[in-house]
Amino acid sequence: MSAVLAMIDFSPETGEATGFHLVDATSPQLRVDDLAATRGDGVFETISVSYGRLQALDAHLERLAVSARMLDLPAPQLGVWREAIIAVGDALSATGLDEGSVKVVLTRGVEGGTAPTGWALGLPSPDFTRERTEGISVVLLDRGYRHDVASTSPWLLAGAKTLSYAVNRAARREAERRGADDVLFVSSDGYLLEGAVSSLLLLHGDRLVTPRVDIGILAGTTQADVFAWAESEGLQTGYELLRPADLASADAAWFVSSVRHATPLREVDGVARPIDAGLTARLNEALLARID
Ligand code: PLP
C-alpha cells in the first residue's frame, strides 16, 4: 500500500503549527496518551484526490476550522495545513493512482501537553465502481436526537466532524445485520438526516433537495458542489426539512460524499427504489472532474 504521511510540526510554546515533515507512513508517530487515542478528542477531514487534483480543498479547510471551533480546539493554521495536504496529495498522485484521499486529523494532543497533534495521511481509494453504478441498500435508523439538537444541546457536537465515529461504525454494523449496505439516520422526531459518512440527496422532478444543515448534520462539501453543478444544468436546488415520505415519493435518491462520490439508493428498508442511471453517471463524471 503506497500511503503517504505528513506530520504537522507544532511549537510547544505557542501550540501553533509551524510546518510539516513527510515521514514513513508505517513508522509509529502517535503517543498512547494522545487524546485522539484515549478520548477520540479531535476533528478530521477527508479530501478526495482525483486524477492528480485535490478536490474542494478550501471547503474542507474551512470545515476543519469550524469543527475545531465547535470543540474549543486551537484554530488551525490553515496555510500550514494546506501546504501539508498539497505535499501529500502530490506525493500520492506521483504513485500513478487515479483516485485516492488525504485524511487530515487534528487532536487535542497528549494529556496535559501544550500543543495539538496533527497529520495528513494519503491513501489510495478502493474501487467504488459497483456502488456508483448499481447503488446501495440502506435502512433507516433512529439517531435518538431531535432535529433541533444542535441548538438545544451543542455539547453533543452534532454537525462537527469529530474523531468519535464509533457510533457511526456501530450503526453501519446494525445496517449490515439487517441485510443492508448502509444506514440513513432519522431524527427522533422523524426527519431524514444523513448517512454514516454521506449526505442525502433526493430528486423530485427537476428539483434536487437535501436536508437542512441546521438540524445537527454535517454540511457536506460534495453536496455543495453537486448543487452548484445541478444549478448550472438547470435543476432547482433546496435545503428542506424532509420526512421518510419524501424519500418514498422521490424520483431518485443518492448518498454523496468525498471519495465515494454519488451512490444511488437502490433499496430503502427492503423496498426497491428507482435509480436514475443517466443522471448518476453525469453526477459522478462531474464529481470526478472537480477542481477546487
Ligand atoms: N455526513 C457525515 C456524517 C460524514 O461523515 C460525511 C463525510 O465523511 C458527509 C456527511 C459528507 O461530507 P463530504 O461530502 O464533505 O465528504
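The following questions and answers concern the cavities and the ligand shell of a predicted model.

Q: How do you know that the structure has cavities of 30 Å³ or more?
A: A search of the whole structure finds two of them. Such a space is called a cavity because a 1.4 Å probe fits there but cannot get out.

Q: What is the volume of the largest cavity, and which strands supply at least two residues each of its lining?
A: The largest cavity holds about 50 Å³ of space. The strands are β9 (192-195), β10 (199-204) and β11 (207-211).

Q: Why is Leu-193 called a lining residue of the largest cavity?
A: A lining residue has an atom within 4 Å of a point of the cavity. Leu-193 is listed in this lining, together with others including Glu-194, Ser-199, Thr-210 and Gln-223, and therefore Leu-193 has an atom within that limit.

Q: What makes Gly-220, in the lining of the largest cavity, count as polar or nonpolar?
A: Gly is placed among the polar residues by the classes used here, so Gly-220 counts as polar. By these classes, the lining of the largest cavity divides into six nonpolar, four polar and one charged.

Q: How many polar and charged residues does the lining of the second largest cavity have?
A: This lining has no polar and no charged residues, and seven nonpolar ones. Its residues are Leu-208, Trp-229, Ala-230, Leu-235, Trp-254, Leu-279 and Leu-283. Leu, Trp and Ala count as nonpolar, and therefore each of these residues falls in that class. The helices α7 (221-232) and α9 (277-288) each supply at least two of the lining residues, and the cavity holds about 30 Å³ of space.

Q: What makes the approach of Tyr-165 to the ligand a polar contact?
A: A polar side-chain atom of Tyr-165 lies 2.5 Å from an oxygen atom of the ligand. The limit for a pair of N or O atoms is 3.5 Å, so this pair qualifies. For Lys-161 the corresponding distance is 2.6 Å, and for Arg-63 it is 2.8 Å; these pairs therefore also qualify.

Q: How much of the ligand's accessible area does the protein cover?
A: The protein covers 94% of the 390 Å² that the ligand has on its own.

Q: How many residues surround the ligand, and how do they divide by class?
A: The ligand is surrounded by 16 residues, and Lys-161, Tyr-165, Thr-221, Thr-222 and Ser-258 are the closest. The shell has four nonpolar, nine polar and three charged residues. At least two residues each come from α2 (57-70), β9 and α7.

Note on methods
Residues numbered from 1 in each chain as written. Predicted model: local features only at pLDDT ≥ 70, side-chain atom pairs only at ≥ 80, totals over all residues. Heavy atoms only, no water. 1 Å grid on protein atoms, 1.4 Å probe; cavity = no way out; pocket = protein on both sides within 12 Å on 5 of 7 lines; lining within 4 Å. Points joined across faces, edges and corners; volume = space filled by probe spheres on them. Helix = DSSP H or I, 4+ residues; strand = E, 2+ residues; numbered from the N terminus. Near = heavy atom within 4 Å. Polar contact = N/O pair within 3.5 Å; in protein donor to acceptor, adjacent residues only side chain to side chain. Areas by Shrake-Rupley, 256 points an atom, 1.4 Å probe, with all protein chains shown as cover.
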